[in-house]
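Hello,

Here is the structure for your files. My notes follow below it.

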Amino acid sequence: MTRILDFDILRHNPRDAASVPRLQRYRLAETSGMTLFIALTRIREELDPGVHFDFVCRAAVCGSCAMLINGRPGLACRTLTATLPAHIRLLPLPGFALIADLSVDTGRWMRVMSERLHAWLHVATAVDLDALETRMDPDRAEAVYELDRCIECGCCVAACGTAQMRPDFVGAVGMIKLARFRLDPRDARDDGDFFDLLGDDDGVFGCMSLLGCQDVCPKSLSLQTQIAHLRWAMARRGLAKAGADHGDGI
Amino acid sequence: MKLIHADVLVIGGGLAGLRTAIGVRRRGLEPLILSLVPAKRSHSVAAQGGMQASLGNCAMGRGDNEDAHFEDTVRGSDWGCDQVVARMFAHMAPKAARELAAWGVPWNRVRAGAHEAVINGERVVIDEHEAAQGLISARDFGGTRKWRTCHTSDGTGHAMLYALGDRAIAEAIPVRERVEALALIHDGERCHGAVARDLVSGELTAYLARATVVATGGYGRIYGVSTNALINEGMGAALALETGVARLGNMEAVQFHPTAIVPAGILVTEGCRGDGGVLRDVDGHRFMPDYEPEKKELASRDVVSRRMAEHMRPVEQGGRGKGVPSPYGEHLWLDITRLGAAHIERNLREVKDICHYFLGIDPACDYIPVRPTQHYSMGGIRTDHRGESPWLSGLFACGEAACWDLHGFNRLGGNSVAETVVAGMLLGEYVADFCHSAQGEHSLSSALARDFVAREQAYLRRLAGRPGKESAVELRRRMERIMTERVGLFRNGDGLRTAVDELGELLARSADIGVRAAHLDANPELVLAYRLPRMLKLALTVAMGALARTESRGAHFREDHPARNDRDWLVRTLARWEPGASRPTLDYEPLDVMRMELPPGFRGYGARNLVEHPDSALRQSEVDELRAAKQDRHAVQSHLMPFKHLLPPRYRRRNARLDES
């Protein structure tokens, strides 16, 4: 039997002084294979042309459509309504500036984080485009790609206890990026450099190991393992540095 | 009025735009990127299977070189491409792959020793040479004679876009996100930048620049079902069309990819077939060998798509009636079960995820429901080999938004992301040269910019809250239906005439679209209201180009004119839109057979159905004579069709290969 779905959607325009955040209800008959992308598009086309949300690829690769789906951060485009109860509450992703309704500014957040963490490959030498490329171990290349698969959707930040308390916390997204460059033999940086970027309470030592990030990552990245490994490496580096500073060696 | 100056304004933050911006930055200029979305969310991210570059490292790629890549590209284009551009591209692609390797793309690498693969449905063992260990590997793709497609699993576009996105951040290149260009600022001869709208605040800004580069991707979303991202609405091409002077090239050349899932229309990569997957019909029969005994599933995309449609079409309409019925219409099966779970987990993991989340199936055990779906725009803003519009100085375009004409009437899989970075590398230099030349001097009075901003502002004020009687959603659906049904995989004169008439009507009606919300800041209803008339203009341009072109070439197939007609149609369609006109004006630019390195010939699919160009045989004999002299391949090539002098000097050197170094 066809279900009738009730969508409670947060409506708010932060640029309008008269706007008060509220939940607005929209009702749709469920169709087979309906995703939240299909449902929200129908709501906009048939019921209310003014609802804000962000979809770009609608194929779960661009990271635009993360939102709170019945309280849990996730990608709306690949969420089938069949996996949800008939009452569906959609809220914007917390931890990011609200643009309107379900649309948040993850782009700005990610750019600021990348700039702060120097989250790009640091190339040691100029590249000769005409010569054979530098060889790379095939297993290492695949391992780097594993960590490169982050789509900057922001789910890990929304699910993070520390990020709720520390506005400058880099989140699992920041840590997985540096873990990725640390693993990459082409990156010229060493653990001393990474410690300078990540070795404080806004970095790897701010993580309380609640690991909400691991639970919600839509790409199933090994965040738990990577953060643990990074923290171990940064702690070792920090201790070595402290020892050297105090002259008592460790 | 808010005015912002930059040396180079880049509209679009995907691979082509980012690489161009990085290039001009490295030449000491100040670029500024405008993007509808955060740069890393651009549609480039969706490219899965890989990037063609003739590195020739892996065993099945040994012996590959620029000549082979060039010839595959020209044949793939059905001789519609600009061969000089194809030559420049084939020469640059290895440099682009190597640059990206140095910038962080974790390309899959060659593993020396024996490994299993599936070729033509059979398990075979391939032995990788010790000398190639750790070099960039490649997979097979359609329409190529060697394994040439470099990849990172099936997330190639993601890995490339993140490497370039990170590089742009490293070089402190500003990206204005959620900003949409609404009009190019120009005086009829020279482009000076663009008026752009902040999609959050609604504020208009005049961005003034010495050079403006449009890198906004394709126009797939004028079709009802497309593999394209939702933002690929052709607004870059529309910006050029609205100038009334710049021209669009070959807009009727629209590619349909054989394997998008049903019903969502999401692409699963050609790598599925490249890695050994096959297509099956309702009986489980592998049908492609019946039609194309040589290339089978790895024929060019246009060919496979047409064969699939033919195979599904009812018998009484001349087809085989072998489609699989479903609530969403008929489809066929893509079978990659033979590849095994381990291979899929490692090399086709996006495909696995897509199947899991959108279809609820496991492709290691289940067949994937697929059918041909709009995928790529070969047409776009017509430019010269430097990416500049010949009609509007200072306006450049690259990537899918452009028609410098690498793809002609059909693009080969893996040539799209390769084109974006190659074009970006080249435009970085050409645009910088332009800015440093006398032409690149900035000589604009702000009065012109003020006029353009005032015009756009007045238009938006008129539109917001306008009680028009037309529904933008309804008009859009009708446009999408017309394009899919009448301007799709198979076209004919009657259908196209109807399409042109109906699209013309929709365009007229779009002047009366109603917009309920009256506010000028973030307003999705307003956005659709101003984009739709532009999409309709593009749709009309595609349909009129298709109606006028009474031949079949590549992806443009006319049932009433099934032959490729080189005698009359070896020409590029040019379209412009006179201000106030209700339809575009078409004219044509001939391709010069006597300057082709690869004279027109039979492409090798189906029966030979070709009207020859009078010069083809003559040019072929010239070419044969030169080749018979047996000089080395570089010497022969430079005699036949010199191109290196057109490249920026830093990119002219030969590419090293294991076999050639």
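Which strands of chain B does helix α15 lie across? Helix α15 (residues 524–548) of chain B lies across β11, β20 and β21 of chain B. It runs at about 55° to β21(B). Helices (H or I, at least four residues) and strands (E, at least two) are DSSP runs, numbered from the N terminus. Axes are lines fitted to C-alpha atoms, for helices over the stretch in contact (heavy atoms within 4.5 Å). Angles run from 0 to 180 degrees between N-to-C directions.

This is a predicted model: local features need pLDDT of at least 70, side-chain atom pairs count only at pLDDT 80 or more, and totals for chains, interfaces and linings use all residues. Residues are numbered from 1 along each chain as its sequence is written, chains are lettered from A and ligands numbered from 1 in the order written, and side-chain values use heavy atoms, without hydrogens and water.

The sheet is open, with 5 strands in the order β18-β16-β11-β20-β21 (chain B) and mixed pairing (at least two DSSP bridges between two strands). β18 (402–403) and β21 (585–590) of chain B stand at the edges, each with a single partner strand, so one side of each has no neighbour in the sheet. β11 and β20 of chain B pair in the antiparallel sense over 2 bridges. There, Gly249(B) stands opposite Leu574(B).

Now the interface. 70 residues of chain A are in contact with 80 residues of chain B. The rule finds 13 salt bridges across it (side-chain nitrogen of Lys or Arg within 4 Å of a carboxyl oxygen of Asp or Glu). Glu45(A) and Arg477(B) meet in a salt bridge at 2.6 Å, N to O. α3(A) gives the most to the side of chain A that touches chain B, with 8 residues.

Best wishes
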